[in-house]
Every structure is written in structure tokens, then in C-alpha cells.
Amino acid sequence: MTTVTTAKAAGAVGTAHTRVEGRDKVTGAARYAADIPFAELAHGWLVLSTVAQGRIRSLQTESVLAMPGVLSVLHHHNAPHVETDYIGALGVPPDPTLALFQHDRVPYLGWPVALVVAETPEQAREAAEALVVHYDQEPHDIAFAADRPDAYAADGIMPGVVRKGDLEAELAASAAVVDAEYSTPEEHHSMMEPHAATARWEDGRLDLVDSNQGATWIAGELAHLFSLDPAAVRVRSDHVGGGFGSKGVRAHQVAAAMAATVLQRPVRVVMTRRQMFSLAGYRSPTAQRVRLGADADGRLRALEHRSLSLTSRVFEFVEPSTSAARVMYDAAAHHTANEVVRLDVPTPTFMRAPGEAPGSFALESAIDELAEKCGLDPIELRVRNEPEQGPVSGEPFTDRDLLDCFRVGARRFGWADRDPRPGRRREGRWLLGTGTAAASFPSRALPSSATLTAEADGSFTVRIAASDVGTGARTALTLIAADALQVPADRVRVHIGDSDFGPASIAGGSMGTRSWAWAIMAAARELRERLALSAALPPEGITVRSNTAEAVGSLAPTEAHSYGAQFAEVAVDTSTGEVRVRRMLGIFSAGRIVNPLTARSQLVGGMVWGVSMALHEEAVRDRATGGLYGPDLAGYHVATHADIPHIEADWIEGIDETDDPVGIKGIGEIGIVGAAAAVANAVWHATGVRHRSLPIRPDRILAAAAEAPDA
């Protein structure tokens, strides 16, 4: 027997560490969901509706079934029944899109109407494209506008409406008032790896190999949908090539499970890039109105933030864009409302920094406008309006290092040398400007379980149903476990992405690492205690299991957030409409940083997305068809290398351990929050023109220049 010691090793957490799976990824050894081979594997291809509203009159399946390699065509006449009358893992009922092929209704363009299964993906695609579907088409409505009379307030993941104080009275008494409307367009998740799933039945269990953001989440949803015992479903997701909120339970997993059930053989369904624009969710467009009133010293008396988003007619999803306003600034009168309008469009979903990303653009742009009216520096205005407690909740902040982020950032960015007057700096044909914005994102935790084993060879094995969506979570958990066990990191092996490991948090909401780390640390503490009582290990080792449900459930209500200060410098050519971001700096406070190498990558990645959001990303719908123009990466414009300047991301130490033993707050989303507003505020500083609609396209720059008094 091997004797195991747990002598204190040099701390792994806080030290830059390359990804433990890095070699596998760069050599191709890491296999993603669509790469894993199975014997007798069949391939499914989804057929999507070509009308935006109506009914399926008929499907001409006979000729398709006669095509080479075709095994089956599933549709609403022959598909297995699925159950949608339940409450899902996130406390909401499932999107009816998951009830594939259960009826003949078509609620939007791109609704799944059939699945063609064949021996090869090429045969499945050819047959799917040959399937003729006849529809009884009905009129549709996709017109999103701020003045929709059928809009209504909706709660979503937070209360739809929160009010305190007399808004109109405080606005009337204010020395400076901003009343402006802002808009953001429809935006889409465009991760490198498309959605893919392979389903099979093995030993009476439904086994799904998938690309997702939470194996236990997907397993639970599939158990509900197919009326299975939860123990009869296993979901595995080893490597994930990005998710950004969209890789939950989707049509492709349900379709694969249906086909595997009918054919009794493994079936793989992979979304095409175009299908993802209909089936993978997206960020709703928003129409926002912000009204701010301040006294002569710039202190807020009134704050109103109203945001309208859209949702499908079959499922209500609310983009919570006023969430930032509810925690960033206080006022005697504080009114916020999230509203939606139901249209004949696919259902939106969570997308990186849901609510905070579009909401911070409107709020932080309005704050910049208020600073101009008050004759104050934008940072000084924020200093004067720093709240002492949650403006809406009244709860204490666990810590709030926002102003420290601004102080450090302003010094490093050279903010003190800025001429506050717009349109004053020129470099040849370029007008130059700088802007700033604040950022916050909630810090949460979900109950999780972890299993740790002290192996007979002196190593340690961690099993937890975490998901590494490309963020470096597998590496971070290795470092956390190493420190918790007080051993070097190379003695720890972490296995993730398997629902058989027990319930664990999703990778989303910037709460994955915090939640998983908590479970690992709890298990490590117990394992060390047991090792201290054991002179030697049995051949099978010693295994302990933790579950943080009770600990997480006992957390006191607080305002816990990550914070950031965003800075941007832009160059604008008003004769061509070009906007070039020259440099960006983000200073963040996000608790304990586990791995500086991957943390910086996450923060910079969020800021890059902010540049793309500010200047490029915009999905446009054709009112005649109800579909998108160019639903692919040729038609949907994202930032490229040439658009991205030198970006710096750094952080300040701000660890609060009063509410959990981990001190981690999450960094997956804070990087994008405020970034678009910083760019937009910099464009105003360069040109003297406010752009309240994203993206700030060249035609909008040209139109503003043409309307300028001195044009």
C-alpha cells in the first residue's frame, strides 16, 4: 500500500497555468461532440419551416424515404410523444420548441418540421433538402418598435417593475435632466463549435454525448421530456467549443433522442450554422428609455430605465436590461421596468451578460450625457453617485470596488490629460476621442456536488459535472483542488462533463467556477480529515462526496457583484464613416483570480465582444418573410483581427470571504459589460455627436456628419 501525505505545496491558485488539456486541443486529440465515433451511427438532419406563421398541410415523405441511405423521416404524424408540462432546472417551464413534431402549427420561420435520418450526413442532408412540405400560410408580424401598443411588463428572472419615490416630482425639481432613447439590435451567439448531440440507448439508459453548458441540466430536461427516471439518462460533454448561454437543451438533442428511440441505434444531429440562427437562441433587440435627473452638484434625484425586448408567441423570455440600473446608482425616485412584446419570431435566450450588456449601453451612455449637462467629469459624476447599499434591494454590498477600478484605470489610461470638450483632437483625417463606462455583474452560486478520491498511487481524482466551455474551467478546478488538498497540481486529475457525477451548477451566469470550487473545497476538506486518520490507503483508495445545497441555501441576502471600469480611445473619419478603436483598458474587481492566464483571456474576450457589439453586430429581419437577411457568418458581421486594437485587462485585489470559502466572483461576463458604452462615449467625445443606436455603422457616422451644423 502507498502512504499518502498532504504536505503543503506552493499555492497553485493565483499562479498562471497553461490549460491542462491544451496539448490535446492543439494536437487534435481532444474530441468534441460531433467527433466521437459510434458503431452503426446514423445521422439526422433537421428540416425547418419556410413560412413564419401557419400550419403544415402535408409532407411528401414517400420519395424521400426511397432515396439512398434514408432510414426514417420523423414528423408530427409519427414522432414519439414528449411531455412539456413541468418546471425545468432554472425554475421555468420548457420552451415549446423542444416539443418537436407534436402538432402541425408553425409559429415562426425556422421551426423544426421534420428530421430526416440516413446512413451518412451527406445522404441525410440531400434527403432533407428534397423533402417537400406544404403549408397553409397565415399573416405574420415581426415588427419590433418602441411604441408597440401590445407591449407589457414581464418578470422573467427578476421582477418586471420596481418603483420607489415620485419620479415626475424629482425630475421637475432637478437642475439637469437627460431623457433619451437607446436601441440595440438582435445579436447572435456565434461560437466556434456548432450544437451537436449523439443519442443512443445502452443497457436501458438514454446516453447522450453532447456539447452543452451543464450535463446534469440537460439530463434532467430529457428525463422530463421523455418521462424517464432521472437515473435512466446519462449526458456527457467532455469538450465544448463555446456556448455563451445558448448551449442548453435544444431541438437537436430532442431530435437525436427521438430518432435513437425509433431506430434503436445511435443517431447524431448537428446544427448547421444557418440553423443555429433559428434554433440556438439569440439576444433580443431592445428599445430603451432612460431618464435621469440630478441636482446642481450632479447627485441623482431621479432614475428611470425602461427596456422593451421581444419574445416568441410560444414562450416568454425577457431580456432583463434594467438589471444594471437596479444596482449601479441610487436616487430618491428610482423606476425600472422590463417589458416584452410577443412576435412571430424564434424565442430569444440568455446571451453573454444577459440584460447587463444591452442595459449598460443605455445606462452608461445616459450617465455620460448627464455628466456633460452637469459640467462634470464622467468619473467624478459616478463618484458622487456611489450608493452605500443596494439601490433597490436595500441589501448591503459584500464589497464594492468600482471606484477603485476607476482610480486605477484612470491613472493607467491617462484620463487626467483628457480635454473634456468634444471634437478637439485631430490626427490627419481622424478625429480622436476617449470614453469610459462602469460595469457590474452579479456574483451567484448554485448548489453542486463533487467526488474526490485519494488514489493508491498518491494521486487524486476529482469528478464533478462541470462544463468547460472554453473558459479554462478544467484547469481552474485542478488548481483549486490542488490547493484544497495541499498537493502539487500535477497530482490532481479532474474529470468533468458527465451527469453521472451528480448535480452541479451550469456553466453560465458567471457562477460556474465559484459553485464548483465550493463543492471541491468541501470534499477536499473532508478527504484530508479522513487521510489524517489513515496510515495507509486501501487499493481502491478513499472517496468522499460533497454537496453544497445546504451551504448555498443558507447564504444571507446581499448585493454581491463583480465590477469594472472600461476605457476606450477611438479614431473617427467623418468623411468615410470609419470608426477605429485604437486602445482599450479594463480594470476589474472579481474576487480571487484562480488562473491569471485564462482570466485575462476571458476579460479581453469580453471586451473584444464589446467592440463587436458597438460597431459591427446586427441581425436584421425581413418583414416579408419573417427571416433573417444572411443568417450565417458571411452575413452576420462580427469584429475581425483588423478591428481589434491593443486591449489591456487587469484587476485589483478585492476578496470577500464572508459568504463563501472560495472568494471567487466570476469573470465570464463582466468583460463585455460597459465596453460598448465606453466606445460609444468615445465616439461622442471624438465627434460631438451622440449615437444612441448600435451598431455605430459607417452610414450612421456619415448621416450624423451631414446633419451637423458645420457640415
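## Thr478 and its contacts

Beyond its neighbours within four places in sequence, Thr478 is in contact with Val20, Ala489, Val492 and Val494. The model is a predicted one. Thr478 belongs to helix α12, residues 473–485. Its relative accessibility is 4%, so Thr478 counts as buried.

## Helix α12

Thr478 has company in this helix. Of the 13 residues of α12, 12 are buried, so the rest of the structure largely encloses the helix. The buried residues are Ala473, Arg474, Thr475, Ala476, Leu477, Thr478, Leu479, Ile480, Ala481, Ala482, Ala484 and Leu485. They pack against three strands, β19 (449–454), β20 (460–463) and β21 (492–495), and against helix α13 (512–532).

The length of α12 fits its residue count. At 1.5 Å a residue, its 13 residues should span 18 Å, and the end C-alpha atoms are 18 Å apart, which agrees. After α12 comes Gln486, with a positive phi near 60°.

## Helix α6

What span should the 13 residues of α6 have at 1.5 Å a residue? The expected value is 18 Å, and the end C-alpha atoms of α6 are 18 Å apart, which agrees. Gln264, just after α6, takes a positive phi of about 55°.

Helix α6 is mostly covered, with 10 of its 13 residues buried. These are Ala251, His252, Gln253, Val254, Ala255, Ala256, Ala257, Met258, Ala259 and Ala260.

## Aromatic pairs

The count of aromatic pairs comes to 8. One of them joins Phe244 and Trp609: the ring centres are 4.8 Å apart and the planes stand at 80°, so this pair is edge-to-face. It links distant parts of the chain, 365 residues apart: Phe244 is in the loop between β12 (233–236) and α6 (251–263), and Trp609 is in helix α15 (residues 596–615). Which of these residues is buried? Trp609 is, with a relative accessible area of 9%. Phe244, at 30% relative accessibility, counts as partly exposed.

Phe277 and Tyr636 also form an edge-to-face pair, at 5.8 Å centre to centre with 70° between the planes. Phe277 lies in helix α7 (residues 273–279) and Tyr636 in the loop between α15 and β25 (646–651), so the pair ties together parts that are 359 residues apart in sequence. Both Phe277 and Tyr636 are buried.

## Aromatic cluster and charges over rings

Phe406, Phe413, Trp415 and Phe567 form one aromatic cluster. Elsewhere, charged groups sit over rings. Arg400 lies over the face of Phe397, 4.8 Å from the ring centre. The charged end of Arg621 sits over the ring of Tyr282, at 5.6 Å from its centre.

## Nonpolar core

In soluble globular proteins, nonpolar side chains tend to be buried together. Here the largest nonpolar core has 84 residues. Which residues have the most contacts inside it? They are Leu292, Leu370, Phe567, Val570 and Met584. Phe567 also belongs to the aromatic cluster.

Leu292 shows how such a residue is surrounded. Neighbours within four places in sequence aside, Leu292 is in contact with Leu171, Ala176, Val177, Val178, Leu300, Ala302, Leu303, Ala366, Ile367 and Leu370.

## The loop at Phe144

Phe144 is placed in the loop between β6 (132–137) and β7 (152–153). Its C-alpha atom is 8.8 Å from that of Thr286, a residue 142 places away along the chain. Not counting residues up to four places away in sequence, Phe144 touches Pro285, Thr286, Ala287, Leu308, Ser309, Leu310, Val341 and Leu343.

## Strands and sheets

Strand β22 (residues 542–547) has two unlike faces. Ile542, Val544 and Ser546 make up the covered face, and Thr543, Arg545 and Asn547 the uncovered one. In a regular strand the side chains alternate between the two faces of the sheet. Strands β19 and β22 run antiparallel and are joined by 6 bridges. Val544 in β22 is the bridge partner of Leu452.

A separate topic is the open sheet of 3 strands, ordered β4-β2-β6 with antiparallel pairing. Its edge strands, β4 (105–106) and β6, each pair on one side only. Strand β2 (residues 54–60) runs antiparallel to β6, and 6 bridges join them. Leu59 has Val133 in β6 as its bridge partner.

How values were computed:
Residues are numbered from 1 along each chain as its sequence is written. Side-chain values use heavy atoms; hydrogens and water are left out. Helices (H or I, at least four residues) and strands (E, at least two) are DSSP runs, numbered from the N terminus. Buried means under 20% relative accessible area, exposed over 50%, partly exposed in between (1.4 Å probe, protein chains only). Contact means heavy atoms within 4.5 Å. Rings of Phe, Tyr and Trp (its six-membered ring) pair if their centres lie within 6.5 Å; planes under 30 degrees apart count as stacked, over 60 as edge-to-face and the rest as tilted. A charge sits over a ring if NZ of Lys or CZ of Arg is within 6 Å of the ring centre and within 35 degrees of the ring normal. The expected span of a helix is 1.5 Å times one less than its number of residues. A nonpolar core is a set of buried Ala, Val, Leu, Ile, Met, Phe, Trp, Tyr and Cys residues joined through side-chain atoms within 4.5 Å. Two strands pair if DSSP finds at least two bridges between them.
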